[in-house]
Amino acid sequence: MGREMMGAVVKSSASAGADWKEVPVPKIGPEDILIQIKATSICGTDLHIYQWDEWASQRIRVHQIMGHETAGEVVEVGRGVAAVKVGDYVSVETHITCGSCYPCRVGRAEVCSNVKIVGVDTDGSFAAYLRVPARCAWKNDRTLPPEIATLQEPLGNAVDTVLAEDVSGKTLMILGAGPVGLLAIGVAHASGAATIFATDLSDYRLGLAEKMGATHGFNPRRDRVVEAILDLTHGDGVDAVIEVSGCPDALAQGFKVLSPGGRLSLLGLSHGPVRIDLNNEVVLKGARIYGITGRKIFTTWYKSSRLLTSGLLDLSPLLTHRLPVTEFRAAMELMQKGECGKIVLLPAA
């Protein structure tokens with residue numbers, strides 16, 4: 001095929017950082033496809049791996065290629081692949097599920113007991129080419145630019161978190177205006193939420209939250225968040241809390257402003273156990289809590305794609321940086337400082 005080596009962002013050692021290296025182009029198996037990357041975006045998971053925090057040190061294999069959010073063109077298919085063709089424009093469902101465990105067999109593949117995740121358990125997309133099982137391919141609408149198509153993977157998480165229940169005409173509090181929080185704000189706005197409160201420690205990101213449809217933005221370092229929201233809702237509180245920050249203090253604020261009979265959707269991961277007053281904040285309040293681990297395969301992809309192709313959801317305000325993949329260190333620094341929305345890495349020249 002004339003392609004033997006490629007550049008890639010490799011987690012070279014069990015320490016902070018990563019390296020740009022020349023590595024072999026992946027060889028595909030009979031059920032695999034090879035994708036030439038047109039755009040790949042950075043997830044918070046990638047930042048954890050780059051920083052080499054406690055989670056990453058226990059989960060990630062050294063010498064692995066990073067990245068998982070992607071869009072590209074299929075350039076090779078395995079001999080057993082029929083549903084995907086060379087030339088197809090695809091993104092990737094990053095959960096590689098087993099298909100045989102109990103959750104898979106009863107329609108809950110997103111919580112597969114034996115799941116492997118692209119860029120976490122297998123080589124990822126911060127490279128020229130990516131190998132994945134053909135069953136993980138999502139065929140994109142040709143009208144979606146690659147830098148938008150690559151955002152569908154995290155968008156799916158936001159869709160499931162926000163739309164665990166109907167939000168039309170409802171009042172929401174979204175805890176955390178990082179990239180997934182901004183996506184959640186966009187989904188809520190596109191789905192008819194009446195009022196959207198957003199919180200974040202970064203005024204830069206609160207500005208992006210407003211562009212994505214937030215009605216009010218609060219910085220907990222400066223604002224009395226609970227008092228302000230209760231005042232603006234005339235003491236009623238909010239119908240739903242969307243937690244994407246992973247911050248226990250933020251979650252505590254969410255419980256305080258949740259209306260009796262309201263619901264919480266939890267996507268953010270904390271660094272350790274979180275204390276919750278189950279008696280007063282859940283049971284006696286009649287609260288419903290949803291734990292969201294990822295997209296429903298592939299139901300959520302249809303929702304996400306239709307939100308984008310219909311024009312109901314515009315992701316361009318949160319796409320703040322486009323950088324060559326070779327500038328991944330600068331991109332990670334922007335993320336660490338919170339001075340970005342979503343960063344897309346484009347193929348090296």
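Q: Before we dig in, what does "buried" mean, and what about exposed?
A: Buried means under 20% relative accessible area, and exposed means over 50%. One more thing to keep in mind is that this is a predicted model.

Q: Great. So which residues of strand 11 sit on each side, and are they buried or exposed?
A: Thr-171, Met-173 and Leu-175 are on one side, with Leu-172 and Ile-174 on the other, and all of them are buried. Strand 11 covers residues 171–175, and 5 of its 5 residues are buried.

Q: Which strands does strand 11 pair with?
A: One is strand 12, residues 195–199, joined in the parallel sense over 5 bridges. Another is strand 14, residues 238–243, which also runs parallel to strand 11 and is joined to it by 4 bridges.

Q: What holds paired strands together in general?
A: Strands of a sheet pair through backbone hydrogen bonds, either parallel or antiparallel.

Q: Can I look at particular partners? What does Thr-171 pair with in strand 12, and what stands opposite Met-173 in strand 14?
A: Thr-171 has Thr-195 as its bridge partner in strand 12. Met-173 faces Val-241 in strand 14.

Q: And how does the chain cross from strand 11 to strand 12?
A: The path goes through helix 6, residues 179–190, making a right-handed β-α-β crossover.

Q: Let's try a helix. Which residues are buried in helix 9?
A: Helix 9 spans residues 248–257, and its buried residues are Ala-250, Leu-251, Gln-253, Gly-254, Phe-255 and Val-257.

Q: What covers them?
A: The cover over the buried residues of helix 9 includes strand 11, which we just met, along with strand 14 and helix 8 (225–232). It also includes strand 15 (258–266), helix 10 (278–283) and strand 16 (288–291).

Q: Switching to cysteines: how many disulfides are there?
A: A search of the whole structure gives 0 disulfides. Cys-101 is in none, and its nearest cysteine sulfur, in Cys-98, is 3.7 Å away.

Q: Why is there no bond for Cys-104?
A: Because its closest cysteine sulfur, in Cys-101, is 3.7 Å away, which is too far for a bond. The cut-off for a disulfide is sulfur atoms within 2.5 Å.

Q: Are those two buried or exposed?
A: Cys-101 is buried, with a relative accessible area of 9%. Cys-104 counts as buried too, at 15% relative accessibility.

Q: I also clicked on Val-120. Where is it?
A: Val-120 is in the loop between strand 8 (116–117) and strand 9 (129–133).

Q: Why does Val-120 count as buried?
A: Because its relative accessibility is 4%, and buried means under 20%.

Q: What is Val-120 in contact with?
A: Leaving aside neighbours within four places in sequence, Val-120 is in contact with Thr-45, Trp-55, Arg-59, Ile-60 and Gln-64.

Q: Which strands form the open sheet with antiparallel pairing, and in what order?
A: That sheet has 3 strands in the order 2-1-4. Its edge strands are strand 2 (19–24) and strand 4 (64–65), each pairing on one side only. Strand 1, residues 5–11, pairs with strand 2 over 6 bridges, and Val-9 stands opposite Trp-20 in strand 2.

Q: Last topic: how much space lies in the second largest pocket, and how many residues line it?
A: About 280 Å³ of space lies in that pocket. It is lined by 19 residues, of which Pro-26, Ile-65, Thr-122, Asp-123 and Arg-131 lie nearest its centre.

Q: Which element gives the largest share of that lining?
A: Strand 9 does, with 5 residues.

Notes. Residues are numbered from 1 along each chain as its sequence is written. This is a predicted model: local features need pLDDT of at least 70, side-chain atom pairs count only at pLDDT 80 or more; totals for chains, interfaces and linings use all residues. Side-chain values use heavy atoms; hydrogens and water are left out. Buried means under 20% relative accessible area, exposed over 50%, partly exposed in between (1.4 Å probe, protein chains only). Helices (H or I, at least four residues) and strands (E, at least two) are DSSP runs, numbered from the N terminus. Two strands pair if DSSP finds at least two bridges between them. A crossover is right-handed if, with the strands pointing away from the viewer, the path from the first strand over the helix to the second runs clockwise. Contact means heavy atoms within 4.5 Å. On a 1 Å grid over the protein atoms alone, a cavity is a set of points where a 1.4 Å probe fits but cannot get out, and a pocket is an open set with protein on both sides within 12 Å along at least five of seven lines; lining residues have an atom within 4 Å of a point. Grid points are joined across faces, edges and corners, and a volume is the space filled by probe spheres set on the points.
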